[in-house]
Structure formats: C-alpha cells, structure tokens
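Reader: I'm new to this one and would like a close look at a single part of it. Could you start there and then show me how the rest fits around it?

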Amino acid sequence: MSVAAKQILDSILSAEKIRVTGIVQGVGFRPNVWRLANQLKLNGDVINDSQGVVIKVWGNTEDIDRFINKLKTDVPPLARIDQIKRSVLPLDDYTPTEFAIKPSQHNTVQTNVTPDAAVCPECMTDTLDPFGRRYRYALTNCTHCGPRFSIVNAIPYDRINTSMKAFELCEDCAEEYQTPSDRRFHAQPNACYFCGPKLTLARVDGNPVCMESLTQLDDVDGACTVLQNGGILAVKGIGGFHLACDATNAVAVQRLRDAKLRYGKPFALMARDTNVIKRYALITSEEEKLLLSAEAPIVILQKSTQAPPGIKRQFGTIEGERANDLIAIVDNVAPGQNSLGFMLPYTPMHHLMLKRMNRPIIFTSGNQSDEPQVISNDDVTSRLGDIVEYVLWHDRDIVNRVDDSVIRIIKNEPRLLRRARGYTPAPLPLPAGFEQAPELLAMGAELKNTFCLIKDGNAILSQHIGDLENAITYEDYQHNLALYAQLYQHTPEQIVIDCHPEYLSSKLGRQRAEDKQVACLEVQHHHAHIAACLAENNVPLAALTVLGVALDGLGYGDDGTFWGGEFLHCDYLGAERLATFKPVAMLGGAMAMREPWRNTYAQLMAEMGWAELKMNFDQLELLEYFENKPLTTYNAMLAKGNNAPVASSCGRLFDAVAAAIGICRDGVAYEGQAAIELEAIVDQDTLHNEDERLAYPFTIPRLTVPGFEDKLPYIEPLAMWRAILGDLILKTPAPVMSARFHKGLAKIIVTMIQKLSTCDEQRIIHTVALSGGVFQNKTLFEQVVTRLEQEHFKVLTHKQVPTNDGGIALGQAVIGAARSLKNRRN
C-alpha cells in the first residue's frame with residue numbers, strides 16, 4: 001500500500017478508548033453499548049472493570065462521534081453516566097472484525113453499586129403471560145429491574161459476587177444471560193422456576209400449611225387469602241422482611257400494633273394499584289409518577305375527604321363484599337394524621353400477592369419497634385414469631401439490609417424524608433472544588449443515622465440505619481461500615497464525627513481514628529445540617545457564605561449547651577452563630593422529649609412565671625393540669641438547673657405549643673409526634689386567608705451569651721404565649737390556633753433572616769439555606785420559603801438528601817473534606 005493510500009485510510013479509520021464512569025454496572029449498560037456499536041457498524045469491545053466501563057472502538061471518525069452522542073442520550077433506565085473520557089488508540093496491525101462484550105476485570109474500585117429497582121413492565125408482562133416460562137414466577141427480573149445492592153457483597157457486580165452465586169443457571173436462562181441482544185444479558189439475578197430461588201408459604205410455628213383451604217393456585221396466592229382472612233403475614237422482599245395485614249381490619253391492625261410494640265406511629269401501606277389508592281388518598285400526577293418509578297418509595301399522600309368513616313369488622317370478608325366496595329382504612333393505621341404513606345408493589349411477588357386484594361394492606365418493616373428489619377430466614381421465628389402466623393419467603397439471601405424510602409411532595413418538589421431502597425448507595429457528585437478531596441468517613445448522628453464515604457469526588461451516603469441507641473441497630477451500623485469499606489475498598493485518611501461527646505457514632509469514630517492512627521475531626525451538628533444542604537445544591541467550595549437556618553430538636557452547640565433553632569453565617573469551612581431561639585430549660589432532661597407538657601410548663605415559667613400565669617389565666621384547664629403535678633419539685637429543678645439543661649430548640653417549642661393546645665400533652669409514642677399532629681390539624685382557611693395580624697406574634701430582643709461580645713438576637717415567644725392563652729380562654733378551635741402558630745413562626749423566622757442579612761439598609765447576604773428536621777413540617781416549610789422568595793432571597797433546600805439527621809453525615813463529610821483541602825493548600 002502506498003504512503004498516500006495509507007494516509008487516506010488512516011483519516012477515515014480511527015480507534016479510541018472510551019472510559020465511562022457512573023452507575024454503569026448491573027444496569028444493562030454493556031449490552032446497550034454492544035447494540036449501539038452494531039447499529040453504527042463499529043468494531044471493538046466493552047468490558048466492566050472496577051472503575052466503571054471501558055470501551056475500545058474502531059471505525060470511521062464521524063461514526064465514533066455519533067456513537068459517543070448516542071451513549072449520552074440512549075441510556076438504559078437504571079444507568080447514570082457521570083463522566084466520559086476519550087483517548088486515541090494507535091492504529092497498529094490489530095483491527096477487530098466484530099464488537100464483543102468481554103468478561104469483567106478487577107482493579108482499584110472507582111465504580112458505583114446500583115440501587116435496587118422495582119420490577120419493570122416487561123418483566124411483569126413475562127410474569128403474567130400464561131404461555132411464558134416465567135408465568136407467576138415471583139422473582140422474575142432483568143437488567144432493568146430487580147435486586148442489586150441488597151444482594152451484592154463485592155465489586156464488580158457479577159453473579160459470583162452476589163447471593164445468586166448459589167443458583168446455577170439452567171440452559172434457557174444461561175442462553176438469555178449470554179445473548180447480548182437479550183434483555184437479560186448479564187442480569188446477575190436472572191432465574192426461573194427451574195434454576196432460581198424457590199418461594200414458599202409456611203407457618204411460623206412449623207405446622208404444615210393447609211393449602212387447599214387457602215388457594216387452588218400457588219403459595220403467593222395463598223398469602224393473599226391469609227391477608228383477606230385477617231391474618232398477619234411476614235413477607236420477604238428485596239431488602240428485608242415486611243409485616244402485612246388488611247388495613248381495613250381493625251382487629252388485625254390492633255394485634256399488629258400490640259405485637260410490634262409500635263404505639264401511635266403511622267404504618268406504611270401498600271395497594272395493588274393507583275386506582276385502589278385513589279379511593280383513600282388524593283394523588284397528583286407528580287405523586288403518581290413517584291409511586292410508579294423504579295425507586296418505588298413510600299409516598300406521603302393527603303387523605304381523601306371522600307373516604308367513609310371507619311367500619312368495625314372482625315376477621316374475614318364482609319358478607320356480600322364486592323370488588324369495588326369501599327371499606328375504610330381503620331383510624332388506627334395513621335392516628336392523628338391527615339396523610340397516609342402509600343407504596344405500590346415493587347416485585348412480581350407483591351403484584352401476584354395483591355392481585356385479588358381490593359383493599360390496602362399495612363406493609364411495615366419486619367421488626368419490633370426501633371429494631372432493624374429482619375433479613376435472614378433464620379431470624380424469622382425468633383424475632384417475628386410472636387407477631388405473625390405465616391411467612392412468605394424464598395431462599396435467596398439478602399446480603400444488605402435496605403429499608404423502604406420515604407418521600408413527600410413539599411412546595412411542588414419531591415423531597416426524601418428517608419433515603420434507602422431505590423436511592424442508595426447511588427453516589428452524590430460533590431460540587432466544584434472537591435475534586436481532589438481525600439478519602440474520609442463521616443460517622444453521622446445518633447438518631448436516623450446514616451454514614452458517608454468520600455471517594456473519587458463523590459459522596460456515598462449509606463442507606464437509613466436508624467437510631468443507634470438500640471443495640472441491634474448499633475450492631476447493624478457497624479456491619480454496614482465494614483461492608484461499605486469492603487465494597488468500595490475505602491481507607492479513610494480522616495474520620496469526621498459530631499461534637500456531641502455521648503453520641504455512640506462519635507465514640508466509635510474516635511476509637512476507630514485512634515486504632516487506625518488517622519485524624520479525627522469534630523463538626524458542630526447544625527453546621528453539618530447547612531453544609532449538607534450546600535453540597536446537595538452543588539454550591540462550589542469557593543462560593544460566598546450563606547445564611548443557614550437549622551431548626552431541629554437538639555444538637556450539641558459550640559458553647560457546650562444544646563442548640564436547636566440556629567441562624568448561622570457559614571460556608572463549608574466554618575460557621576458563626578448570628579442568632580437563635582430563646583434558650584429554655586428541658587424539664588427532666590430527656591423526659592422533656594417524651595412528655596411535651598414539661599416543655600409547656602418550662603416555657604411559661606421562663607416567660608411569665610406562676611404568679612402572672614395564675615393571676616391572668618387561672619380559669620384555664622391547662623393550669624389545673626399543672627397543679628396536679630409536683631410543682632414544688634419542678635420549680636426547684638428549674639431554679640437550680642438540676643436535670644433541666646437549657647436548649648434553644650425549635651422542636652421543643654413545637655412540643656410546648658402542641659401540649660398547651662391539648663395534643664400529646666401527657667406523652668408521645670415516637671419522636672416528633674406532637675409536632676406532626678399539631679401540623680395535621682392546621683386550618684387551611686386561617687393559614688391562607690385570615691388577617692396576617694392575627695398570626696401569633698414574636699419579638700427579637702438580644703440575649704447575653706458567654707463568649708460573645710455583642711448580645712445575640714433571639715426569637716422571644718412571650719407575646720405568642722399570651723396570644724395562645726388568650727385563645728384558649730376564648731375557646732378558639734385548635735386548628736385555628738395551630739394555623740396562627742405556624743404562620744406567626746414563619747413570619748418571625750423570615751424577619752430574623754431579613755435582619756441578619758442587612759447592614760446599613762443594604763442586603764449583604766442573598767442566599768439562605770434551610771435544614772433540620774423541623775423543616776419536614778410541610779406547612780412551616782412552605783410558609784417560610786414562599787415569604788423568602790417574595791423578598792427575593794435565593795433559597796436552598798433539601799430534595800435528594802433528608803433535611804433531618806439522615807443528612808448530617810453528608811454535611812460532616814464535606815466539612816471534613818473542605819478543611820483537609822485547605823490544610824493541603826496551606
């Protein structure tokens with residue numbers, strides 16, 4: 001060949017190496033690459049390695065460019081491309097004659113584990129096809145759906161590294177697995193009746209199941225009959241066992257509450273389809289989209305006002321009940337709530353089980369209250385045997401416990417309240433400036449714990465772990481820390497903890513840092529809240545400071561006291577406390593979090609004292625309630641500060657107001673119950689249409705704080721308390737009072753923000769970040785954000801990461817990374 005001819009050929013033919021990172025393993029990415037390459041008549045190969053996917057391609061330069069564009073736009077449903085890097089390969093004697101998919105390689109881990117995904121429409125079609133070989137196979141899946149993170153124990157995501165290793169593929173499944181054009185090509189959990197996990201309905205007491213009395217079909221259908229007959233059933237799902245019963249059966253619901261030791265807290269619900277849900281709740285198009293998504297979270301929905309009153313019933317169906325009869329969900333499913341948490345079936349098993357079920361079922365995590373979900377078949381009898389009669393289970397092991405995610409539309413945006421199945425452990429790309437951040441581990445908070453790894457410019461936030469004060473949950477926390485370290489080959493240079501000295505996560509972090517001889521950084525709780533909000537909103541490391549508003553129950557402050565209503569001037573590197581809520585004693589310490597009346601009494605004593613209270617409001621039932629308490633003892637505790645630490649807590653203020661109105665006065669059954677029920681009764685007409693001047697008033701005086709030269713502005717609730725007590729005398733309806741409180745509180749928060757962001761009548765801070773568990777309150781959140789936007793502030797809020805303590809670990813991680821990067825530069 002002449003030199004000129006070779007130059008012409010080289011100008012047409014080129015070769016490239018293309019590296020793709022992101023969520024690109026276990027999601028059908030390689031078959032998609034194979035398909036696109038063959039469409040464009042390109043040759044080469046594609047391979048999984050521990051950094052993602054590597055493509056080598058030979059062909060016309062223009063075709064390769066078109067191939068790259070198609071890679072970006074024609075993406076498999078569960079895939080996410082974070083980066084594509086192209087490099088030129090030399091044109092040597094080797095030129096492939098086809099495009100091939102090669103076996104995985106192993107090297108340093110830089111790829112991501114894929115979250116579990118709800119069953120796709122194509123797999124449900126297969127499952128319901130009476131002429132197909134997977135007819136009614138309850139564990140049907142493909143590369144577009146099914147278990148991922150819950151079954152993996154190592155990277156790369158290949159069958160040998162999952163709990164499917166125990167099941168050898170039959171000839172038909174193996175052919176699907178090996179055919180690039182097949183939807184099940186390299187679907188690691190791929191299986192069928194002949195070669196896959198087996199599903200069985202069993203009695204927990206070990207006695208045989210009389211299937212003839214339950215079904216003429218199969219075990220999954222028999223499980224439906226158990227539910228229809230008023231039974232309580234354990235169901236093995238993707239990330240753990242669930243407990244199920246008929247949500248319209250008052251006896252079954254109460255038995256479940258008593259056995260699970262779950263008093264008062266709402267249960268999650270599952271329904272066959274959205275048509276069933278629409279009988280009981282209002283669904284917007286966005287909420288329906290979330291319910292039907294691959295993530296399939298629990299979606300918090302407004303109760304329908306059309307639902308009939310509760311119907312008392314015993315076991316069994318009501319005589320003459322028809323498919324479309326509307327039987328009410330019993331009040332005990334979500335007491336004190338104006339909302340219901342619904343999810344749709346997200347596995348073929350769920351769909352088949354509910355095919356004949358025309359009513360919603362309770363579908364709550366398989367555990368006793370506050371414990372982690374059961375994941376092992378071996379634990380069902382010991383941990384769930386006193387709760388359930390039957391169990392529907394299979395023999396595919398769950399490697400990683402993953403609870404259901406919870407999401408709610410607030411101010412027209414979906415916002416995660418619990419980030420778990422369907423979302424974790426998908427990485428969160430860090431903002432600009434964090435590209436060279438070192439590997440570190442953030443240990444998270446005590447309640448609603450998650451932890452976070454920093455690796456390769458990403459934050460890897462764990463699934464919801466729970467409250468670490470529970471011993472089994474704490475063991476699960478340590479198990480997951482070890483698991484993530486193994487999965488991601490993660491060796492932290494630094495460990496970041498909350499500055500609370502008694503958090504179990506902080507104690508473990510200190511011990512690990514000492515054992516591994518790495519640095520340990522303490523981060524203030526509310527600074528971490530705001531930093532998490534900044535990171536989620538992709539605020540660059542070098543960005544200007546913001547005004548952060550962190551409202552929650554409690555967090556350990558820089559001054560050694562408890563904070564919980566903070567206004568911070570901050571960035572990733574530091575935070576300055578500019579203002580706060582009024583510090584008030586927590587009467588009885590931790591007891592104040594369980595008995596809201598204690599907060600009411602402490603607030604009133606801090607504001608006006610008993611003499612003024614008695615003189616002006618003696619006729620109130622509230623005072624009679626207090627007089628039945630040992631006030632001499634409590635007054636001495638307040639006077640001396642014995643077991644009565646002060647806290648600037650917005651959460652405790654909500655408790656105090658709720659108890660004053662008569663909500664959860666004596667005690668709460670779960671964290672935040674009083675505030676949640678206070679919001680649930682808000683009168684919408686009062687909230688949106690009543691004269692603004694009738695909202696409960698607050699003021700902003702200044703507080704002397706040790707260590708501060710200037711007095712600290714704080715939110716003073718004295719005028720609010722006088723207005724509440726006045727409304728109690730007038731017997732103002734509680735929903736009106738709740739609306740006035742929420743509106744008044746939102747107004748004073750915005751007024752404080754305006755005050756702090758202005759100097760000499762010029763605005764000096766333009767961006768506000770909102771975080772903390774109090775902002776799960778839809779009413780307060782929407783009131784605050786709307787008013788801030790009307791004042792032309794840029795408002796940063798949470799969507800992908802919980803605003804509660806489930807997001808703390810992300811904030812800890814980015815603060816630790818920012819300080820490490822600064823130390824490197826210095």
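Here's the part I keep coming back to: how many of the eight residues of helix 21 (residues 673-680) are buried?

Author: Happy to take you through it, bearing in mind that this is a predicted model. Seven of the eight residues of helix 21 are buried, so the helix is largely enclosed by the rest of the structure. Those buried residues are Gln673, Ala674, Ala675, Glu677, Leu678, Glu679 and Ala680. The cut-off behind that word is a relative accessible area under 20%.

What does the enclosing? The buried residues of helix 21 pack against strand 15 (406-410), helix 20 (650-661), helix 24 (734-756) and helix 25 (778-790). Two of those neighbours make good starting points for a walk outward: strand 15 and helix 25.

Take strand 15 to begin with. Its span is 406-410, and Val406 and Ile407 are among the residues touched by leucine 416. Leucine 416 itself sits in strand 16, and at 4% relative accessibility it counts as buried. Its other contacts, leaving aside residues up to four places away in sequence, are Ser405, Tyr423, Lys799, Gln800, Val801, Pro802 and Thr803. That list holds a long jump along the chain: leucine 416 and proline 802 are 386 residues apart in sequence, yet their C-alpha atoms are separated by 5.3 Å.

Strand 16 has another role too. Strand 16 (413-418) and helix 9 (285-291) each supply at least two residues to the lining of the second largest pocket. Helix 9 gives the most, with three residues. The pocket holds about 650 Å³ of space, and of the 26 residues that line it, Pro115, Glu295, Gly422, Tyr423 and Ala426 are the closest to its centre. You've met one of those already, since Tyr423 is also a contact of leucine 416. As for the character of the lining, it divides into 15 nonpolar residues, four polar and seven charged.

Stay in that stretch of chain for a moment, and look at the backbone. The peptide bond from threonine 424 to proline 425 is cis, with omega near 5 degrees. Proline 425 is placed in the loop between strand 16 and strand 17 (428-429). Most residues other than glycine have a negative phi, and most peptide bonds are trans.

Now for the other neighbour, helix 25. Histidine 792 lies in the loop between helix 25 and strand 33 (794-796). Although histidine 792 is not a glycine, it has a positive phi of about 70 degrees. It is also exposed, with a relative accessible area of 68%. Asparagine 538 is another residue with a positive phi, near 60 degrees, and it isn't a glycine either. You'll find asparagine 538 in the loop between helix 14 (525-536) and strand 23 (546-556). At 47% relative accessibility, asparagine 538 counts as partly exposed.

Two more residues are worth a stop, this time earlier in the chain. Leucine 256, in helix 7 (residues 250-260), counts as buried at 0% relative accessibility. Beyond the residues up to four places away in sequence, leucine 256 touches Ile232, Leu243, Cys245, Phe267, Ile362, Thr364 and Ile387. Leucine 233 is 23 residues from leucine 256 in sequence, and 9.9 Å away from C-alpha to C-alpha.

Arginine 272 is in the loop between strand 9 (268-270) and helix 8 (274-277). It counts as partly exposed, at 22% relative accessibility. Again setting aside residues up to four places away, arginine 272 touches Arg279, Leu344, Pro345, Leu354, Lys355, Met357 and Asn358. Thr364, which appeared among the contacts of leucine 256, makes a handy reference point here: the C-alpha atoms of arginine 272 and threonine 364 are separated by 16 Å, with their positions 92 residues apart along the chain.

Finally, step back to the whole chain. Its secondary structure comes to 26 helices and 33 strands. The radius of gyration is 29 Å, close to the 28 Å that the globule rule gives for 826 residues, so the chain is as compact as a globular protein of that length. Its C-alpha atoms fill a box of roughly 105 × 75 × 50 Å along the principal axes. Of the 826 residues, 59% count as buried. Among contacts with a separation of 6 or more, 74% come from residues 24 or more positions apart. The accessible surface comes to about 32900 Å², and 50% of that belongs to carbon and sulfur atoms.

Methods. Residues numbered from 1 in each chain as written. Predicted model: local features only at pLDDT ≥ 70, side-chain atom pairs only at ≥ 80, totals over all residues. Heavy atoms only, no water. 1 Å grid on protein atoms, 1.4 Å probe; cavity = no way out; pocket = protein on both sides within 12 Å on 5 of 7 lines; lining within 4 Å. Points joined across faces, edges and corners; volume = space filled by probe spheres on them. Helix = DSSP H or I, 4+ residues; strand = E, 2+ residues; numbered from the N terminus. Nonpolar A, V, L, I, M, F, W, Y, C, P; charged D, E, K, R; others polar. Rg over C-alpha atoms; globule rule 2.2 N^0.38 Å. Buried < 20%, exposed > 50% of the residue type's maximum accessible area, 1.4 Å probe, protein only. Contact = heavy atoms within 4.5 Å. Areas by Shrake-Rupley, 256 points an atom, 1.4 Å probe, with all protein chains shown as cover.
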